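Open the model in a viewer and keep the sequence panel visible. The stops below are given in the order in which to select them.

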Amino acid sequence: PLALAKPARRHSDRTLVGLALDTGEAIRGADAISATVPYVRRVRGSVLGLVGLGRIGSAVALRAKACGFDVAFYDPAREDGADKALGIRRVGSLEALLAEAECVSLHCLCDQRTAGIIGARALDVMRAGALLVNTARGELIDEALLAAALRSGRLAAAALDVHCHEPYVRGEVSSSDSVLSDDLVLSESKGVTLRAWHLLAS
């Protein structure tokens, strides 16, 4: 899948593609890339923590593993042996997963047990400078606390495909420079991909 901004200009100060379009200058070298986009990390060996290992979580795990991530997951409902079948690690508690993961990706259902699962306690135990991805349900995250964690620099960035209230009205979370939010399009469609590249070039 290819991540593309729509419209591209809104996130141009946060993406290498946008910087190239705006300045015409190439960004070379690990140090330059890190300084320009601080949440770009080395993938190989980085810990990706998955909260939930259903159909989508499992698909993400396999793709991330192929890219070199050290994939760990927390899902108390998943049967024993799921970790061995996928070649990934099971972690015994949510807190333990959050404490070691450099990137946390949410793939669980939202019910009475999981609503607000990323709240004060979870944000406090997450690694400093971690990344948070939510493509599951907006209600899993306390967005006000997330916004505070991003402003303080406790978290490096968040990528949100869903929100607590939809249709989403741009607010405190999306106003942060560390959020890729409602303008992020993930697609494997050839037509959508070509259209997005035309938007980037225009």
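A residue counts as buried when its relative accessible area is under 20%, as exposed when it is over 50%, and as partly exposed in between. The model is a predicted one.

**Whole chain**

Start with everything selected and coloured by secondary structure. The chain has eight helices and nine strands. It is 202 residues long, and 41% of the residues count as buried. Of the contacts with a separation of 6 or more, 59% are between residues 24 or more positions apart. Switch to a surface: the exposed area is about 11100 Å², with 56% supplied by carbon and sulfur atoms.

**Asp70 and Arg89**

Select Asp70 and Arg89 and show their side chains. How far apart are N and O in the salt bridge of Asp70 and Arg89? The distance is 3.1 Å. Asp70 belongs to strand 3 (residues 70–74) and Arg89 to strand 4 (residues 89–90), so this salt bridge ties together parts that are 19 residues apart in sequence. Asp70 has a relative accessible area of 28%, so it falls in the partly exposed class. Arg89, at 31%, is partly exposed as well. Add Glu100 to the selection: Asp70, Arg89 and Glu100 are linked in a network of salt bridges.

**The other salt bridges**

The count for the structure comes to four salt bridges. Select Arg78 and Glu79, whose side chains form one of them, at 3.1 Å from N to O. Arg78 is partly exposed at 23%, and Glu79 is partly exposed at 45%. Then select Asp111 and Arg113, where the closest N and O atoms of the salt bridge are 3.0 Å apart. Here Arg113 is exposed, at 72% relative accessibility, whereas Asp111 is partly exposed, at 28%.

**Ser93**

Move to Ser93, in the loop between strand 4 and helix 5. Ser93 is partly exposed, with a relative accessible area of 26%. Draw a C-alpha to C-alpha distance from Ser93 to Pro76: the two are 17 residues apart in sequence and 8.4 Å apart in space.

**Strands 2, 5 and 6**

Hide the side chains and select strand 5 (103–106). Which strands pair with it? Strand 2 and strand 5 run parallel and are joined by four bridges. Strand 5 and strand 6 also run parallel, again with four bridges.

Select Ser105 to see both pairings at one residue. Leu50 stands opposite Ser105, and in strand 6 the bridge partner of Ser105 is Val133. Next, select Cys103, which stands opposite Leu131 in strand 6.

Show the side chains of strand 5 again. In a regular strand the side chains alternate between the two faces of the sheet. In strand 5, Cys103 and Ser105 point one way, Val104 and Leu106 point the other way, and all are buried.

Is strand 6 largely enclosed or largely open? Four of its five residues are buried, so strand 6 is largely enclosed by the rest of the structure.

**The nonpolar cores**

The largest nonpolar core has 28 residues. Select Ile118, Leu132 and Leu155, the residues with the most contacts inside this core. Several elements supply at least two core residues each, among them strand 2 (47–51), helix 5 (94–100), strand 6 (130–134) and helix 7 (143–152). Helix 6 (120–125) and strand 7 (155–160) also do so.

Centre the view on Leu132. Setting aside neighbours within four places in sequence, the contacts of Leu132 include Val104, Leu106, Ile118, Met126, Ile141, Leu146 and Leu155. Also in contact with Leu132 are Ala157, Ala158 and Ala159.

Now select Leu48, Leu53, Ala61 and Phe73. They are part of a second, separate core of 13 residues.

**Cys108 and Cys110**

End with Cys108 and Cys110, shown with their sulfur atoms. The structure holds zero disulfides. Cys108 is in no disulfide, and its nearest cysteine sulfur, that of Cys110, is 7.6 Å away. Why is there no bond between Cys110 and Cys108? The sulfur of Cys110 has its closest cysteine sulfur in Cys108, and 7.6 Å is too far for a bond. The accessibilities are 14% for Cys108, which counts as buried, and 31% for Cys110, which counts as partly exposed.

Note on methods. Residues numbered from 1 in each chain as written. Predicted model: local features only at pLDDT ≥ 70, side-chain atom pairs only at ≥ 80, totals over all residues. Heavy atoms only, no water. Buried < 20%, exposed > 50% of the residue type's maximum accessible area, 1.4 Å probe, protein only. Contact = heavy atoms within 4.5 Å. Areas by Shrake-Rupley, 256 points an atom, 1.4 Å probe, with all protein chains shown as cover. Disulfide = S-S within 2.5 Å. Core = buried A, V, L, I, M, F, W, Y, C linked by side-chain atoms within 4.5 Å. Pairing = 2+ DSSP bridges.
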